[in-house]
Amino acid sequence: MDSPIPHITIESIVIGSDGVASHIVNCVELLSSPRLGHTKAVFEVEYSSVRYIAKCWSFDRRESAADEFMVYERLHELRPSGFEFFTRLVFSGDIICSSKFPEGRILLLEKVPGEQLLYLWNSLSFTEKAHVFRECSNAVRTLRSISIRLVDSGRHNVLYDRMSGKVTLVDLEAIVDLGAGEEVTSLNPELVSIFGATNMSQFIHGG
Ligand SMILES: Nc1ncnc2c1ncn2[C@@H]1O[C@H](COP(=O)(O)OP(=O)(O)OP(=O)(O)O)[C@@H](O)[C@H]1O
Ligand SMILES: [Mg+2]
């Protein structure tokens with residue numbers, strides 16, 4: 001049975017490629033700073049009655065969109081069933097029509113539960129901090145296995161859900177592609193940005 005064609009409203013973003021529309025999402029809330037204007041925006045959106053996260057970039061920032069897309073593609077190739085510490089890409093495309101974000105590239109991501117670690121960190125127990133550290137270490141190790149280093153990691157880009165213990169690394173657009181064959185084993189750059197150099201050893205040795 002065909003699903004009904006959703007109505008286009010002032011909240012809608014029509015997505016497609018080569019000028020042909022294939023999906024319509026409706027914005028529910030702007031999550032990023034309004035100061036970014038139409039250069040970049042992150043929205044919570046609704047698509048087929050389910051909430052997702054939509055990241056939008058203007059065409060002059062298409063490389064950032066392509067980099068984040070590439071990381072999710074490599075993660076998918078590595079393990080099609082997904083990783084518990086990353087969200088998943090649903091689809092990507094061009095913005096064909098929208099008053100919310102008139103033109104550019106868009107990635108639709110699964111929405112994960114949790115809050116930015118930045119706002120939770122000081123209220124966490126040692127056990128919770130050690131758990132978050134282990135999950136982030138596993139996430140960064142996974143990124144190394146696909147030759148990626150993040151250059152914008154920090155507590156603002158880690159989501160933590162205290163209820164379920166779920167830890168998710170988001171924001172994979174600022175990266176260095178280490179290239180095949182170059183072995184970089186240190187997880188430190190990202191982990192130091194998230195946990196601080198002085199905190200690291202207690203989690204490694206005492207957690
Ligand atoms: N998959 C997701 N599920 C739930 N929330 C998300 C998801 N992706 C992003 N967010 C929320 O939206 C915020 C902005 O997303 P993201 O960090 O990817 O974009 P950004 O514009 O690059 O942010 P910034 O430059 O502030 O780091 C995140 O900090 C997080 O709170
Ligand atoms: Mg971010």
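Let's start at a turn: β1 and β2 make a hairpin with two residues between them, and D18 in that turn has a positive phi of about 50°. The model is a predicted one, where local features need pLDDT of at least 70, side-chain atom pairs count only at pLDDT 80 or more, and totals for chains, interfaces and linings use all residues. Residues are numbered from 1 along each chain as its sequence is written, while chains are lettered from A and ligands numbered from 1 in the order in which they are written. Helices (H or I, at least four residues) and strands (E, at least two) are DSSP runs numbered from the N terminus, and two strands pair if DSSP finds at least two bridges between them.

Back to that hairpin. β1 pairs with strand β2 (residues 20-30) in the antiparallel sense, over six bridges, and S12 stands opposite N26 in β2. Strand β1 (residues 12-17) also pairs with strand β5 (residues 89-98), again antiparallel, through four bridges. Here I15 stands opposite I95 in β5. From β5 you can walk on to β6: six bridges join these antiparallel strands, with S92 opposite L107 in β6. A hairpin of five residues makes the connection from β5 to β6. As background, strands of a sheet pair through backbone hydrogen bonds, either parallel or antiparallel.

Just ahead of all this, T9 sits in the segment before β1. T9 counts as exposed because it has 10 other C-beta atoms within 10 Å; the cut-offs are 12 or fewer such atoms for exposed, 20 or more for buried, and partly exposed in between, with C-beta atoms placed from the backbone. T9 and V42 are 33 residues apart in sequence, and their C-alpha atoms are 18 Å apart in space.

Now for the ligand. Around ligand 1 there are 17 residues, of which L31, I53, T87, V170 and D171 come nearest; to be near, a residue needs its C-beta atom, placed from the backbone, within 6 Å. β3 (40-47), β4 (50-57) and β6 (104-110) are the elements that give two or more residues to this shell. By class, the shell has seven nonpolar, five polar and five charged residues. For that count, Ala, Val, Leu, Ile, Met, Phe, Trp, Tyr, Cys and Pro are nonpolar, Asp, Glu, Lys and Arg are charged, and the others, Gly among them, are polar.

D171 deserves a second look. It has a positive phi of about 70° although it is not a glycine, and it lies in the loop between β10 and β11 (175-177). With 16 other C-beta atoms within 10 Å, D171 is partly exposed. S147, in the loop between α3 and β8, also has a positive phi, near 65°, without being a glycine. S147 is partly exposed too, because 17 other C-beta atoms lie within 10 Å. Most residues other than glycine have a negative phi.

Further along the chain, three strands form an open antiparallel sheet in the order β7-β9-β10. Its edge strands, each pairing on one side only, are β7 (115-116) and β10 (166-169). Two bridges link β7 to strand β9 (residues 158-161) in the antiparallel sense, and Q116 stands opposite L159 in β9. Helix α3 (residues 126-145) lies across β9 and β10, at about 40° to β10; axes are lines fitted to C-alpha atoms, for helices over the stretch in contact, and angles run from 0 to 180 degrees between N-to-C directions.

What fills out this part of the model? The largest nonpolar core has 21 residues, and V132, C136, A139, V158, Y160, V167 and L169 touch the most other members. Such a core is a set of buried Ala, Val, Leu, Ile, Met, Phe, Trp, Tyr and Cys residues joined through C-beta atoms within 7 Å. α3, β8 (148-150), β9, β10 and α4 (188-195) each supply at least two residues of it, and the largest share, six residues, comes from α3. Leaving aside neighbours within four places in sequence, V132 is in contact with L117, Y160 and V167, where contact takes C-beta atoms, placed from the backbone, within 7 Å. A second, separate core of 20 residues includes A41, F43, L107 and L109.

Methods
Contact = placed C-beta atoms within 7 Å.
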